[in-house]
Amino acid sequence: MQGVLTGFAVIAVVIGVGYVLGLRGHLGPQGREVLTKLAFHVASPALLFTTLATADLSVVFSARLLVTALSTLAVAGAFVAVGVVRGWGVGRTTIGALCSGYVNSGNLGIPIAVYVLGDASLVAPVLLFQLVLVTPVAVTILDLSRGGAGGTLWRRLLTPLRNPIALGSLAGVAVAASGFEVPDPVMDPITLIGNMSVPAVLLAFGIGLCGSTMPLRGVERRPVLLAVALKAVGQPAVAWALASGVFGLRGPQLLDVVVTSALPAAQNLYTYASTYGVGERLARDAILVSTVVSVPVLVGVAAVLG
């Protein structure tokens, strides 16, 4: 239980600092925008590159990855289906689908993996799946949906190579697959820049909360409720059913996949929404509410399966 509380406490403190900065106006009226652009265009690509460049890609062939991939696709697909019927638009529906299945595997998943599961590497399958596949696909869809990749078919197909998030992820995978070891004089400054990513995202999120209305109100209420229900309840339920019923996982392995699936929506989704100017309120509210709801869910999962 300590890991759950520790992970959430760290996030809450940094978001709180961002809220105070926004409340007092220390970073000026463009503070959130600058932090968001810094995270999206510089720090996050650097973090993704350093994380993936040194990763063990053999984890992509594990049963845990299949459970993660299938449960993510199930809940994201459910949100997309509702979004299409309701006419929520491509960009807004994409953000909602991400909030339904893209878990906070980094700044929250790692400490929970350490304190609850006893091994930080157990979060690697979901981390790699999201960085290698989900992120590049999602940002490409967001790029195309706003007409940012207009022109020929060839130009559209090259959209991922013009997006810094996708480019950082793909470059990291290429380095890991090649077995090349990046020299320290090159890797160290990239690592230093990447270390700014999580604080910048959390601070921007906290600033975004300043002066905003209470969640679960207004036109985004239904999309937020749907995303939170799918994230906090749907995804861990699907993961449990697949892991135990289809793949026959038991004991610690079952606990691992269910706990990682029960993690809340990742804060960097707010960065994507802000960068593309779509679904910002949806992302902000879904992240906030799913983070609060996931506390009792994670505690319950750990108590029942642990």
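User: How should I read the accessible surface of the protein, and what percentage of it belongs to carbon and sulfur atoms?

Analyst: One reads the total area together with its division by atom type. In this predicted model, the accessible surface comes to about 13500 Å², and carbon and sulfur atoms hold 69% of that area.

User: What percentage of the residues in the protein is buried?

Analyst: Burial is judged residue by residue, with under 20% relative accessible area as the cut-off. Of the 306 residues in the protein, 49% are buried.

User: Which secondary structure elements does the protein contain, and in what pattern along the sequence?

Analyst: One counts the elements and then reads their order. The protein has 14 helices and zero strands. Its pattern along the sequence is therefore written with α alone, as α-α-α-α-α-α-α-α-α-α-α-α-α-α.

User: What share of the contacts with a separation of 6 or more comes from residues 24 or more positions apart?

Analyst: Here one sorts contacts by sequence separation. In the protein, residues 24 or more positions apart account for 82% of the contacts with a separation of 6 or more. For a pair far apart along the chain, consider Gly16 and Leu202, which are 186 residues apart; their C-alpha atoms are separated by 8.9 Å. Gly16 belongs to helix 1 (residues 2-24).

User: Is Gly16 buried, partly exposed or exposed, and why?

Analyst: The class follows from relative accessibility. Gly16 counts as partly exposed because its value is 29%, and partly exposed residues lie between the cut-offs of 20% and 50%.

User: Which residues make the nonpolar surface patch?

Analyst: A patch is read as a list of residues and an area. Val90, Val132, Leu133, Val137 and Ile141 make a nonpolar surface patch of about 380 Å². Helix 6 (residues 124-145) contributes the largest share, four residues. Val90, by contrast, is placed in helix 4 (residues 90-101).

User: Why does Val90 count as exposed?

Analyst: Val90 counts as exposed because its relative accessibility is 51%, and the cut-off for that class is over 50%.

User: Helix 6 also holds Thr135. Is Thr135 buried or exposed?

Analyst: Thr135 has 1% relative accessibility and so counts as buried. Within the model, Thr135 can then be described through its contacts. Beyond its neighbours within four places in sequence, Thr135 is in contact with Tyr102, Gln130, Ile165 and Tyr272.

User: What joins the side chains of Thr135 and Tyr102?

Analyst: For such a pair, one asks about the kind of contact and its distance. The side chains of Thr135 and Tyr102 are joined by a polar contact of 2.9 Å.

Key. Residues numbered from 1 in each chain as written. Predicted model: local features only at pLDDT ≥ 70, side-chain atom pairs only at ≥ 80, totals over all residues. Heavy atoms only, no water. Helix = DSSP H or I, 4+ residues; strand = E, 2+ residues; numbered from the N terminus. Buried < 20%, exposed > 50% of the residue type's maximum accessible area, 1.4 Å probe, protein only. Contact = heavy atoms within 4.5 Å. Areas by Shrake-Rupley, 256 points an atom, 1.4 Å probe, with all protein chains shown as cover. Patch = residues over 30% accessible without salt bridge, like charges linked within 9 Å, V, L, I, M, F, W, Y side chains within 5 Å. Salt bridge = Lys/Arg side-chain N within 4 Å of Asp/Glu carboxyl O. Polar contact = N/O pair within 3.5 Å; in protein donor to acceptor, adjacent residues only side chain to side chain.
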